[in-house]
Structure formats: structure tokens, C-alpha cells
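User: I would like to understand how the words used for this protein model follow from the values behind them. Could you take me through some of them step by step?

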Amino acid sequence: MQTLRGADIVARTLEALGVTRIFTLSGNHIMPVFDALLETGITLVHTRQEAACVHMADAWGRLTGEVGVALVTGGQGHTNGAAALTTALAAESPVLLLSGHAGLSELGRGAFQELAQADIARPMTKAAWTAGSVASLGPDLARAFRIAREGRPGPVHLSLPVDLLEAAVPAASVRIPDRAAAAIRTAEPAPDLVADLRAALAGAERPLVACGPALCDASGRAAMAALEEALGLPVVGMESPRGINDPALGAFAEVLSRADLLVLLGKPLDFTLRFGAAPTLAPDCRFAIVDPDPALLGRAPADRLAVAALADPRPVLAALAASGTALPRREGSHREAWHREARAALAYQPPGWADLRRNAGPLHPVALCRAVDAFLDHYPDGTLICDGGEIGQWPQALVRAGRRLINGVSGTIGASIPFAIAAALERPGTPVVAVLGDGTFGFHMAEFDTAVRYGVPFIAVVGNDARWNAEHQIQLRNYGPERTRHCDLLPTRYDAVVQALGGFGALVTKAADLPAVLEAAHASGLPACVNVMIESVPAPVIRRPA
């Protein structure tokens, strides 16, 4: 009689659900799955640390819209991986963390690496549970895939007890779920919702539309641009922990403070908007909120709520863009002037930045970013990744790219090297440039070994100021220069570290050398570290002169 192990059911279900690549780190509890995956077409990317697996799966989910899958072992393997779920949750990224688990038959008896893993993951996920039987493994995976993508996307965790993975059952008793079993239900806008939103926008003099992180992918940004073009009003994507000070949005704080209607499409009213309080928003600014989460509809003051609706923001965005031409003009309306003024503010860069291209001494971050921007200008399909407390903000303001990934609303740093590996795997042959800090580099520098083993080229441009600069700037602002302690690092030759791991490395101390080094890094075809000695300056906070 032919039998299947639980691990075979897991592997075959993942393949049936469309998984082509899994980011993983081996361990006792998941070795049956490693074995079972040999009978599928799924590729494994075997990393050096479990959090890197989840960061790679996060990047994969954001870039493709598919569920990014990470597979780690139980115990501390799980806790290491779970730490990265916070970044994926805040970024609204569809991720599935599969963790090995102590056998069900041994729980409560001091099993090897026994932990309440689902309880640990639950605060950082949309859902987390432990498989309870061999028969439930396939349906559990299909359910996890559906939850990760449905409504507000986000990470899901499923623990896989090792005794279930090793148990054999008759093959005839197993039905492998297909993609239909994981199909999501989209909350389409009610027929009158688009009309209500248009009416609220038409009645406003200075409307502003803000879209949440899940809409900040390539298709979402294209839909935002289409809406702005169709209705003639400013539309922005918000995915940064800097919120109103997001350098990618120029003088956004000025625009927001003048708006008389703020439309939130899948964008939570949270700390990034200073909770909607004055003076960030005008006291009489009204809100229109569309969200798949009913809890978020009640965050705005009821007396200022013009529209509130449960719906997925993506189809609403598309329906609004397709709803007709520009909004009706009211007599005496200055909405067109508002759109021009808002767009100019959102595109604003301080004119003083033009004077910061230095040829000697540590580079200003502006000089670093100008060189990266010029490099990526030759590769319109290239990817920009921004990471780090202070240095990561500069490229968001200055570097244009075909697509980009940032650390996201969580503000967590350290994901850029795993992000870059996943991005390069997803779009082979096109350059991936990650701009990160020296503190950030230390989190996952060993993943250069992963990139070398798998032949995955990317360029890490390290802004090296030999300190944890975000915290140093907090000390300067809050406590004074005489109390700046414990945030210093060494001016380490990270480029030499990468060379030792088999990659390309180069040290840059002059702005004039950086363009040629970037081209050499790209031409090498290797994972590359360009170690740039930079000035230690705060991140930009962009304001226009009064």
C-alpha cells in the first residue's frame, strides 16, 4: 500500500499552491520536509540565520504579491525567525512562517525545544496556530495562504510537529489542496461607495488621498498615479515610519496640515499621521476611510467622518480612477491650484543639497545618493533597497528606481541584505542596490555567504560613519553633545569582510571615485559591498521656507 508522510503532504501542498522557492535554515524538526521537497520542483535558498529567511520571504511577498514562504526549525530557530515577523506585519506583506515543532506526543513531558510557538508568533501575525493532525496539514496550509493575502495582507505562522511530519498515512486517503482552496475573497466596494467618495472629494477644496503600505507596490503606485491623473488631486503612498517626515514625500507635512479632507485607503490613522491631531491636521479636516479592518474605521472622530466603509482598498482605488474625469468644479473653487501647490511641495528638495557633492573627505549622504541615482538611471528595471536609521532616509528622497523596498512602518533595521538577495532572485539579470548603514550591515552580513553560494549578485552600498547614528542624533537632540555615549562603532572594512566571503569589495573615500566603483561592482557579477566613508549627519526633515 502506498503511503505518504506528513512531510510529503506539506511539500506537495506547497507546490500545488504555486510555491516555487522557499527561504530556509535547516534544523532537526524540519529535516523530513527537506527530504520531501526533493520530490518537488520547489527551490530552497538555505540561509545563515532564521530572521533572514523571513526577511527574504517578506521581500518576495512585497515584490510578487505571492505568499513568501520561510521554513525554519523549532525552538530558537522559531524565535529567531519570528523576530522578523514584526517588519512584515507593519509592511502588510503576505508571508508564511513554517516552523518545526516538538512532537505532539511529547508535549508536556520536556520535549526537545518545546515552546508555545504559536503563542510567541501570534502578536506579530494575522494568525498563528499549530497543526493538530496529519489530515489537517494540507487544509492548514491552504488556510494560511488565504489569510496571508486576504483583506489587509500580512504574515501567518503555522507550526509543524515533527511526529506529524514523520507519520505515514495511506496515499489514497490524502487530498492535496489546490489553489482554489486558498482563493481569497475580495471585499469589493459597495455600489454607492465610489459615488460617496466622489461626492466627499467634490465638496472639498483641498482634498488629499493617502494609501497604505500594501498599495505601495508597483501596481499600487501605478493605480495611485492613474487616480491622481483622473481626478486632479494629490495622491500619496505612505509606507515609512517617518510618517509626515517621510523624505520621499518632500514637504508632505505642509500639504497635510492644509488639507480639508483626508481620504485613507487602507492607510491606518496611526502614529505616522500623528493620530490626526492638530496641528498635523487642521482641527476641522474631515476623514473618509476605506479599510478591510472594521477596527480601523472607528479611529477618526465621528463628527469629522465623511465616509467610512469596509472594503479592500485596491479595487476601490481602481474604481475611483475609472469613475470618470476630474471632479466637478464648484464656483470659486481653487482645487486645481491646490493640486499644483501640493505636487510642488511633495516634489520639493532643499536647494542647499546641490552644494553637498564633495570630492575630498567623508562623503555627505547626498553625494552618495547622487551617484547611486546616476547608476540606476542606466537600469530602469533596477531595484533600490533602503535600510538604516539615518542613512536609509536619504536615498528615499534622492534616488529614483524602477522599484524599491524600504524597511517599512515598523522602523526595524537590518533587513536590506536579505531583501536584496530575494529581489535579485525574483528579477535575475537586473541590478539591485541596497543603501544601508554600517550598524545595519552587522545584522545579516553572513548572508553574503548565502549570496555567493547561490550566485546572486547585488550591490550593498554601506554608508559608514562608524556609529549607530539614529541613536547618536537622539542623544544630541535630547541630552546634549557632552552626553553622547555608547553609540560609536569602528570604521570597519566591511568591503574586506565581503571579499573574504567570496564577493566583491571596495572602499570609497572620495565622491569622484564612487561612480566607477559602482560600475565595477555591477560588472563583477558577484555579491558586492561598496564601503563608503560618510559624514555623520541626521536624516533629512524637509520643510519649505515660510
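Analyst: What follows is a set of questions and answers about a predicted model, each setting a value against a cut-off.

User: How do you know how many disulfides there are?

Analyst: A disulfide needs two cysteine sulfur atoms within 2.5 Å, and by this rule the count comes to 0 disulfides. Cys285 is one example, since the nearest cysteine sulfur to it belongs to Cys211 and is 15 Å away, and Cys285 is in no disulfide.

User: Why is Cys285 called buried?

Analyst: The word buried is used under 20% relative accessible area, and Cys285 has 0% relative accessibility, so it counts as buried. Cys53 also counts as buried, because its relative accessibility is 0%.

User: What makes Ala135 exposed, and where does this residue lie?

Analyst: Exposed means over 50% relative accessible area, and Ala135 has 66%, so it is exposed. Ala135 lies in the loop between β6 (127–130) and α7 (137–149). The C-alpha atoms of Ala135 and Gly6 are separated by 8.3 Å, although the two residues are 129 residues apart along the chain.

User: Why is Gln113 called partly exposed, and what is noted about its phi?

Analyst: Partly exposed covers what lies between the 20% and 50% limits, and the relative accessible area of Gln113 is 30%, so this residue is partly exposed. Its place is the loop between β5 (95–101) and α6 (117–121). Phi of Gln113 is near 55°, which is a positive value in a residue other than glycine. Such a value is worth noting because most residues other than glycine have a negative phi.

User: What is the phi of Ala466, and is this residue buried or exposed?

Analyst: Ala466 has a positive phi of about 60°, although it is not a glycine, and it is found in the loop between β17 (459–464) and α20. With 17% relative accessibility set against the 20% limit, Ala466 counts as buried, so the word exposed does not apply.

User: What makes the bond between Ala278 and Pro279 worth pointing out?

Analyst: A cis peptide bond joins Ala278 and Pro279, with omega at about 5°, and Pro279 lies in the loop between β11 and β12. This is pointed out because most peptide bonds are trans.

User: Why is Glu50 called buried, and what does it touch?

Analyst: The relative accessible area of Glu50 is 9%, and this is under 20%, so Glu50 is buried. Glu50 is placed in helix α3 (residues 50–64). Leaving aside residues up to four places away in sequence, it touches Leu25, Val72, Gly77, Asn80 and Gly81. The C-alpha atoms of Glu50 and Leu71 are 8.4 Å apart, while in sequence these two are 21 residues apart.

User: How do you know that Glu50 and Asn80 make a polar contact?

Analyst: A polar contact requires a pair of N or O atoms within 3.5 Å, one able to donate a hydrogen and the other to accept it. The side chains of Glu50 and Asn80 make such a contact at 3.0 Å.

User: Why is Thr484 called buried, and what surrounds it?

Analyst: Thr484 has a relative accessible area of 18%, and because buried means under 20%, Thr484 is buried. Thr484 sits in the loop between α20 (469–479) and α21 (494–500). Not counting residues up to four places away in sequence, it touches His472, Gln475 and Leu476. A polar atom of the Thr484 side chain lies 3.0 Å from the backbone oxygen of Pro481.

User: Which residues of helix α13 are buried, and what covers them?

Analyst: In α13 (residues 313–321), the buried residues are Pro313, Pro315, Val316, Leu317 and Leu320. What covers these buried residues includes α9 (193–202), β9 (207–211), α10 (218–231), β11 (261–265) and β12 (286–291).

User: How many cavities are found, and what lines the largest cavity?

Analyst: The search of the whole structure, with a lower limit of 30 Å³, finds 1 cavity. About 40 Å³ of space lies in the largest cavity, and its lining is made of Gly18, Val19, Thr20, Arg21, Trp60, Glu66, Val67 and Val69. By class, this lining has 4 nonpolar, 2 polar and 2 charged residues.

Definitions and conventions: Residues numbered from 1 in each chain as written. Predicted model: local features only at pLDDT ≥ 70, side-chain atom pairs only at ≥ 80, totals over all residues. Heavy atoms only, no water. Buried < 20%, exposed > 50% of the residue type's maximum accessible area, 1.4 Å probe, protein only. 1 Å grid on protein atoms, 1.4 Å probe; cavity = no way out; pocket = protein on both sides within 12 Å on 5 of 7 lines; lining within 4 Å. Points joined across faces, edges and corners; volume = space filled by probe spheres on them. Nonpolar A, V, L, I, M, F, W, Y, C, P; charged D, E, K, R; others polar. Helix = DSSP H or I, 4+ residues; strand = E, 2+ residues; numbered from the N terminus. Contact = heavy atoms within 4.5 Å.
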